[in-house]
There are 2 protein chains.
Amino acid sequence: MKTVAELSELLRARGQKVTTQRQHIFHALEGNTFHPSADQVYEAVRRDVETISLKTVYQTLNELVAMGELAALDVGTGTVRFDPNVELAHHHLVCSRCGEVCDVNMELPELSLPDAAAQGYRVSSVEVVFRGVCRRCQGGTRRRAGDGKELS
Amino acid sequence: MKTVAELSELLRARGQKVTTQRQHIFHALEGNTFHPSADQVYEAVRRDVETISLKTVYQTLNELVAMGELAALDVGTGTVRFDPNVELAHHHLVCSRCGEVCDVNMELPELSLPDAAAQGYRVSSVEVVFRGVCRRCQGGTRRRAGDGKELS
DNA sequence: CTTTGTGCAAAGCCTTTGCACTCGC
DNA sequence: GCGAGTGCAAAGGCTTTGCACAAAG
């Protein structure tokens, strides 16, 4: 993701306001590799700006997604996660106990569908999700509160 | 997925009741390749058993998932989809307009993570989602009502 | 006859929306 | 000052839960 300064510039160029709240949200995302949920961003920003509302967070995150500066990721943990890393294509590792999401920093074989298998779809992206149990959850049975849905 | 008869047998063996409602739910799933949502199963069964409640459908589907006879699939369309095809590993094609989910009937290269990339995870499954626009949505801009969330 | 399942309605969670006030530009 | 942005609270969609009644074994 771009830096706070670059994003502010981008907003101004688009005729949008650069507010304190938005800058704090940008700051919370910059270089963040934890794939936070909207609520986690809200909690993080609230430590600095106590009065910020969840609506502002959702709205700002959705704008960033629309601008293509942020990726929304729904990996079945019950909440949408946001990934600031939109520059290079990468895949994810999801813990089915605690819901943690990790980047996979490895080149995977090129995945493409021959026309025969595409069934008429115009395919625009591929997403690979590895599911398993993270190191922390393997030792002990504790779970991070309020997360993890155990789909399969 | 197993047949209605096999599933009924399985329930009996587990000491669970084989009710008319459950058999109709099994029937609606058998050989179904549309990846229906709970609500779609509900609507389908309601054509035969008018008084069935949504709770019964959710409960039965969740039991089948727990038994491993049905797969729950959250591909970011806003509702969990159910996939009766649990026998052989396969991947999915999701329409980002209408939310339709198709099976990909093709062998993909073996995807595995070397320990270095697994970051301590004990990986148990891999899921590949191809996103794009289905044939129907490419011609015309109409969308299937009440579906499709446009994540990215 | 007992235990499990059912139906209805109400609650829960995440996300979005309506409206008056505030602040960046 | 004007209009986009903000905060609060309330609504919306999907899924789960509580309780009394009905049905399966």
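Biologist: Which side-chain has an N or O atom 2.4 Å from a phosphate oxygen of DNA strand C?

Modeller: The side chain of A:Y58 does. That falls under polar contact, a pair of N or O atoms within 3.5 Å; within protein, one must be able to donate a hydrogen and the other to accept it, and residues adjacent in sequence count only if both atoms are side-chain atoms. This is a predicted model, where local features need pLDDT of at least 70 and side-chain atom pairs count only at pLDDT 80 or more, while totals for chains, interfaces and linings use all residues. Residues are numbered from 1 along each chain as its sequence is written, chains are lettered from A and ligands numbered from 1 in the order in which they are written, and side-chain values use heavy atoms, with hydrogens and water left out.

Biologist: And the bases of strand C, what touches those?

Modeller: A:K55 has a side-chain N or O atom 2.8 Å from a base oxygen of DNA strand C. A:K17 places a polar side-chain atom 3.3 Å from a base nitrogen of DNA strand C.

Biologist: Which elements give two or more residues to the surface near DNA strand C?

Modeller: They are α4 of chain A, plus α2 (20–29) and α4 of chain B. Helices here are DSSP runs (H or I, at least four residues), strands are E runs of at least two, and both are numbered from the N terminus. α4(A) gives the largest share, four residues.

Biologist: How many residues surround DNA strand C?

Modeller: There are 21, and the closest are A:K55, A:Y58, A:V80, B:K17 and B:T19. Near means that one of the residue's heavy atoms lies within 4 Å of the strand. Of the strand C atoms that come within 4 Å of the protein, 72% are sugar and phosphate.

Biologist: OK, strand D. What are the closest residues there?

Modeller: A:T19, A:K55, A:T56, B:K55 and B:Y58, out of 20 that surround DNA strand D. By class, the surface near strand D has four nonpolar, ten polar and six charged residues. Nonpolar covers Ala, Val, Leu, Ile, Met, Phe, Trp, Tyr, Cys and Pro; charged covers Asp, Glu, Lys and Arg; the others, Gly among them, are polar.

Biologist: Which backbone atoms reach the phosphates of D?

Modeller: A polar backbone atom of A:S53 is 3.0 Å from a phosphate oxygen of DNA strand D, and one of B:V18 is 3.3 Å from a phosphate oxygen of that strand.

Biologist: Switching to the protein. How much do chain B and chain A bury between them?

Modeller: About 3,700 Å², 58% of it on carbon and sulfur atoms. Buried area is the accessible area (1.4 Å probe) that two parts lose on being put together, summed over both. The contact (heavy atoms within 4.5 Å) takes 41 residues from chain B and 41 from chain A.

Biologist: How many salt bridges across the interface?

Modeller: The rule finds two, taking a side-chain nitrogen of Lys or Arg within 4 Å of a carboxyl oxygen of Asp or Glu. B:R131 and A:E127 form a salt bridge with N to O at 3.0 Å. There are also 16 residue pairs in polar contact across the interface, both residues at pLDDT 80 or more.

Biologist: Which element supplies the largest share of chain B's side?

Modeller: β5(B), with twelve residues.

Biologist: And in what sense does β5(B) pair with chain A's β5?

Modeller: Antiparallel, with eleven bridges to β5 (residues 122–133) of chain A; strands pair if DSSP finds at least two bridges between them. A:G132, for one, stands opposite B:V123.
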